[in-house]
Amino acid sequence: FAINMDQLQLDEELGKGNYGTVKKVLHKPTNVAMAMKEIRLELEDAKLNAIIMELDVLHRAVAPEIVEFYGAFFIESCVYYCREYMDAGSLDKLQPVGVPEDVLARIATRMVKGLKFLKDDLNIIHRDVKPTNVLLNRKGEVKLCDFGISGELDKSLAKTNIGCQSYMAPERIKGESQNNLGTYTVSSDTYSNVFAQLTAIVHGDPPELPEERYSETARDWVSLCLRKDPEKRATYRELLSHPFLVKDRDSDVDMVGWVQKALDYKATASILATKAHLPQSV
Ligand code: ATP
Ligand code: MG
């Protein structure tokens, strides 16, 4: 069925990105909470229609590691895109509580499995792997969103924006990332799994996990993701069969507990921040 604006009741804003705003909405006919992303594009209707058609492939992107797509439509010059609401939000907002090694392994497993599914089953390369595009819920699930599916959409966005730089692979920054078909190679997504800064990506040594807090196995796994030469970077298959992620298969890591702790920490931090801005007498 096709979703339209009349069926939606707008709720709180969940966040803003470079291209638009994401709001929580209630889909009244089904009583399902959704996240609606609004992308403003100054395009004629034919182009907007082409984008909506291209987004349709998202209906096939059904996997436990991928945020579910419900539908898209456009009104005037805005594309609206409805997807599964993830009630713990994105990883960037949860990581300040600290990420213990077993939680890191579970998040890494989900991400690699999601990326591998997109590549193997749908021939999609994500192109924008970063913490704001890794979403979690209170059930402890971890899912990817915002992968590049629409050539038309990408083209329109590329005119006004460039991707988040800190997570880009060195060959993308240097402009070597395209193979002779003009498409990104899959190893660029593996790099984005872990963070770094722009110049450091090209000129410096790859970042490492801190020695005090993570095992040799975890540190080795991360280093395999961050090999500067894309040819030497580990493949998804290699990453999944590495001891760091093999151990995760039998791990009974308490993701629900960690998500709860991270949300509590976030709530406390925001109360403290509000108090700090109030006059002394309050
Ligand atoms: P960029 O525009 O560079 O992709 P971004 O990923 O932060 O950056 P959006 O995708 O527009 O931008 O998302 C904005 C914020 O909304 C995200 O950071 C995330 O915290 C929140 N968000 C997005 N989708 C959902 C969702 N399905 N459920 C819950 N929160 C979401
Ligand atoms: Mg996003």
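In the predicted model, 25 residues surround ligand 1, and those that come nearest are Gly15, Gly17, Ala35, Ser90 and Thr132. Two or more residues of this shell are supplied by each of strand 1 (8-16), strand 2 (20-27), strand 3 (32-40), strand 5 (78-84) and strand 6 (89-90). The most is given by strand 1, which provides three residues. By residue class, the shell around ligand 1 comprises ten nonpolar, eight polar and seven charged residues.

Lys37, a residue of strand 3, carries the feature "binding site" in an unreviewed UniProt entry. Lys37 counts as buried because 21 C-beta neighbours lie inside 10 Å, the threshold for burial being 20 or more. When neighbours within four places in sequence are left aside, the contacts of Lys37 are Gly20, Val22 and Tyr81.

The nonpolar interior was examined next. The largest nonpolar core contains 56 residues, and Met36 and Cys82 are those with the most contacts inside it. Helix 3 (residues 101-122) contributes the largest share of this core, namely nine residues. A second core, separate from this one, consists of five residues, among them Val129, Tyr167, Met168 and Ala169.

Residues up to four places away in sequence being excluded, Met36 touches Leu8, Val22, Lys23, Val25, Tyr80, Tyr81 and Cys82. Val22 and Tyr81 thus appear among the contacts of Met36 and also among those of Lys37.

Note on methods:
Residues are numbered from 1 along each chain as its sequence is written. Chains are lettered from A and ligands numbered from 1 in the order in which they are written. This is a predicted model: local features need pLDDT of at least 70, side-chain atom pairs count only at pLDDT 80 or more; totals for chains, interfaces and linings use all residues. A residue is near a molecule or strand if its C-beta atom, placed from the backbone, lies within 6 Å of it. Helices (H or I, at least four residues) and strands (E, at least two) are DSSP runs, numbered from the N terminus. Ala, Val, Leu, Ile, Met, Phe, Trp, Tyr, Cys and Pro count as nonpolar, Asp, Glu, Lys and Arg as charged, and the others, Gly among them, as polar. A nonpolar core is a set of buried Ala, Val, Leu, Ile, Met, Phe, Trp, Tyr and Cys residues joined through C-beta atoms within 7 Å. A residue is buried if 20 or more other C-beta atoms lie within 10 Å of its own, exposed if 12 or fewer, and partly exposed in between; C-beta atoms are placed from the backbone. Two residues are in contact if their C-beta atoms, placed from the backbone, lie within 7 Å. UniProt positions are given in the numbering used here, feature names are shortened, and annotations may be inferred rather than shown by experiment.
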